[in-house]
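Dear colleague,

I am passing the structure below on to you, together with some notes on what came out of going through it. Please read them alongside the coordinates.

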Amino acid sequence: MLSLPAYALPRGRPAHSHGATRAFTLIELLTVIALIGILAAITLSVMRGVKERAAINQARTELAVLATALESYKRHYGDYPQTGTAPNDPVADATTADAPGILFNALSGKRGPKADLAAMNRKATIELGRFTLQDADALPDATNAQQVANAFVDPWGQRYLYFYKTGTGWTNPGYILLSVGPDGLSGSEVSNTGEVVSSDGAADNIYVDR
């Protein structure tokens, strides 16, 4: 009988070749999906934080611009825009009263400190294009003596609140100007000495107190 050399004998295919791709197990797939979900949640949280800080900085900048405009207004008219609000009333009352509209009309040159001064020499003390307005179509018209019902809006879509502090009963006459912040709640009141008193909901309020 002829015998074949050893190198000529047929060899069986190995069960696993070195070039074969190992399949993922179900546990490994679930682990990867979970990691991707965690990373996505962290990314979204960071993005929300960045967006929120940007909105807060924008509100502070706009409040500073409004405060500067109010000082210019006072130099021109001799007083800040008067809202007729009595001492010790909650600042939150301004959300349902006409104070935000009075502020807009005054700074845009449509109103003097008092309603009976509306016909005096008007002077706009602010650039409206720098702000988001409650009604973008309700803009002052130099040929129209009628007042405009509008308001300056903060980055969260709420009206900037304005509170006139009368000279009677206050130890610090002037005004209070604020944004209610991200939660939309003022949570602030004015004491009978004319100072802002914070209560529940006021943690994120951003205000200028003069």
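Lys123 lies in the loop between α2 and β1 (132-133), and in this predicted model it counts as partly exposed because its relative accessibility is 39%. Once neighbours within four places in sequence are set aside, the residues in contact with Lys123 are His76, Tyr77 and Gly109; for Tyr77, the separation from Lys123 is 46 residues in sequence and 9.2 Å in space, taken from C-alpha to C-alpha.

Turning to the interior, the largest nonpolar core comprises 28 residues, and Leu107, Ile126, Phe152 and Leu177 have the most contacts inside it. Two or more residues each are given to this core by α1, α2 (99-107), β3 (161-165), β4 (174-179) and β7 (206-209), with α1 supplying the largest share, nine residues. Ile126, again without counting residues up to four places away in sequence, touches Val65, Leu66, Ala69, Leu107, Phe131 and Phe152. There is also a second, separate core of five residues, among them Leu161, Phe163, Leu178 and Val180.

One charged residue may deserve your attention: what surrounds Glu62, which sits in helix α1 (residues 26-77)? Leaving out neighbours within four places in sequence, Glu62 is in contact with Arg130, Phe131, Val153, Asp154, Pro155 and Tyr160. Glu62 is buried and yet has no salt bridge, the nearest side chain of opposite charge being that of Arg130, 7.8 Å away, whereas its side chain does make a polar contact with the side chain of Tyr160, at 2.5 Å.

With best regards

Key:
Residues numbered from 1 in each chain as written. Predicted model: local features only at pLDDT ≥ 70, side-chain atom pairs only at ≥ 80, totals over all residues. Heavy atoms only, no water. Buried < 20%, exposed > 50% of the residue type's maximum accessible area, 1.4 Å probe, protein only. Lys, Arg positive; Asp, Glu negative; His and termini not counted. Salt bridge = Lys/Arg side-chain N within 4 Å of Asp/Glu carboxyl O. Polar contact = N/O pair within 3.5 Å; in protein donor to acceptor, adjacent residues only side chain to side chain. Contact = heavy atoms within 4.5 Å. Core = buried A, V, L, I, M, F, W, Y, C linked by side-chain atoms within 4.5 Å. Helix = DSSP H or I, 4+ residues; strand = E, 2+ residues; numbered from the N terminus.
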